[in-house]
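Reader: Hi! I'm new to reading protein models, and I'd like a close look at one salt bridge and the parts around it. Could you walk me through that?

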Amino acid sequence: MKIEVKIDESCSETKLIIVTEKMTEDVAALMQRLSGDGLHGIVAFDERGTTLLPPSDIVRVYASGGKVFAVTDKQEYVLRLRLYEAEEKLNGKGFVRISNSEIINIKKARRFDLSTVGTICLSLVNGDICFVSRRYVSKIKKTLGI
């Protein structure tokens, strides 16, 4: 993919032009992402049906038993995404990976216990306790400014 930027001081509004041989899923996804018209949430499933979860409601997302779950203050939902796909959708919305199988909303963390050597114990607003794996400790510390 080639990217070209032209600076024109007489231009009053930014305009994006995509030149392509044919319309593909990648081009459509790029257009949707750039236009901001995409869903502002993650589609989740529970026993009652389908729900659109706003990222601000999600406390953590984790993988277990071959499934991916999203946890809110009130309940747990099943996602039809892989963990890395959920991480991409939540990127830039206050979510950070704490292990190979878990992503948390850093805004929903209540307490960070640094007393255990080599790891961090997190208490979340819904009462869940999570542990940051050693691989991600430095990333969390950097995010927190420690």
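Author: Let's start with the side chains of Arg97 and Glu87, which meet in a salt bridge with 2.9 Å from N to O. This pair ties together distant parts of the chain: Arg97 sits in strand S6 and Glu87 in helix H2, 10 residues apart. Side chains of opposite charge can pair when their charged atoms come close. Keep in mind that this is a predicted model.

Are the two partners buried or exposed? Arg97 has a relative accessible area of 10%, so Arg97 counts as buried. Glu87 comes out at 26%, so Glu87 is partly exposed.

Now look at the helix end of the pair. Helix H2 covers residues 83–90 and lies across S1, S3, S4, S5, S6 and S7, running at about 160 degrees to S3. Which residues of H2 are buried? They are Leu83, Ala86 and Leu90. These three cover an arc of only 60 degrees around the axis, so they sit on the same side of H2. An α-helix has 3.6 residues a turn, so residues three or four places apart point the same way. Among the elements covering the buried residues of H2 are S1, S3, S4, S5, S6 and S7. Just after H2 comes Gly92, with a positive phi of about 80 degrees.

Next, the strand end. S6 belongs to an open sheet of seven strands, and the order is S2-S1-S5-S4-S3-S7-S6, with antiparallel pairing. Where does S6 fall in that sheet? S6 is an edge strand, and so is S2 (49–53); each of them pairs on one side only. From one strand to the next, the twist averages 35 degrees. Strands of a sheet pair through backbone hydrogen bonds, either parallel or antiparallel. For S6, the neighbour is S7 (residues 102–105): four bridges join the two, and they run antiparallel. Arg97 takes part here too, with Ile103 in S7 as its bridge partner. To put that together, Arg97 has a bridge partner in S7 and a salt bridge to Glu87.

Stay on S6 for a moment and go to Ser99, since S6 spans residues 95–99. Ser99 is buried, with a relative accessible area of 11%. A polar atom of the Ser99 side chain lies 3.2 Å from the backbone nitrogen of Glu102. Leaving out neighbours within four places in sequence, Ser99 is in contact with Ser133 and Tyr136.

Glu102 is worth a second look, because Glu102, Arg60 and Asp128 are linked in a network of salt bridges, where each link needs a side-chain nitrogen of Lys or Arg within 4 Å of a carboxyl oxygen of Asp or Glu. How many salt bridges does that rule give? The count comes to six. Two others make a nice contrast in where their partners sit. Lys6 and Glu4 form a salt bridge with their closest N and O atoms 3.8 Å apart, and both of these residues are exposed. Arg48 and Asp46 form another, at 3.3 Å between the closest N and O atoms. Arg48 has 65% relative accessibility, so Arg48 counts as exposed, whereas Asp46, at 15%, is buried.

S6 also leads us to Val132, which touches Ile98, Thr119, Ile120, Leu122, Val137 and Ile140, not counting residues up to four places away in sequence. Val132 lies in strand S10 (residues 129–132). Its relative accessibility is 1%, so Val132 counts as buried. Between the C-alpha atoms of Val132 and Cys121 there are 6.4 Å, with the two residues 11 apart along the chain.

Cys121 turns up again in the contacts of Asp113, which touches Thr119, Ile120 and Cys121, again not counting residues up to four places away. Asp113 is in strand S8 (residues 109–113) and is partly exposed, at 32% relative accessibility. The side chains of Asp113 and Ser115 are joined by a polar contact of 2.7 Å.

So what should you take away about the pair you asked for? Buried Arg97 and partly exposed Glu87 meet in a salt bridge that links strand S6 with helix H2.

Key: Residues are numbered from 1 along each chain as its sequence is written. This is a predicted model: local features need pLDDT of at least 70, side-chain atom pairs count only at pLDDT 80 or more; totals for chains, interfaces and linings use all residues. Side-chain values use heavy atoms; hydrogens and water are left out. Buried means under 20% relative accessible area, exposed over 50%, partly exposed in between (1.4 Å probe, protein chains only). A polar contact is a pair of N or O atoms within 3.5 Å; within protein, one must be able to donate a hydrogen and the other to accept it, and residues adjacent in sequence count only if both atoms are side-chain atoms. Contact means heavy atoms within 4.5 Å. Two strands pair if DSSP finds at least two bridges between them. Axes are lines fitted to C-alpha atoms, for helices over the stretch in contact, and angles run from 0 to 180 degrees between N-to-C directions. The arc is that of the directions from the helix axis to the C-beta atoms.
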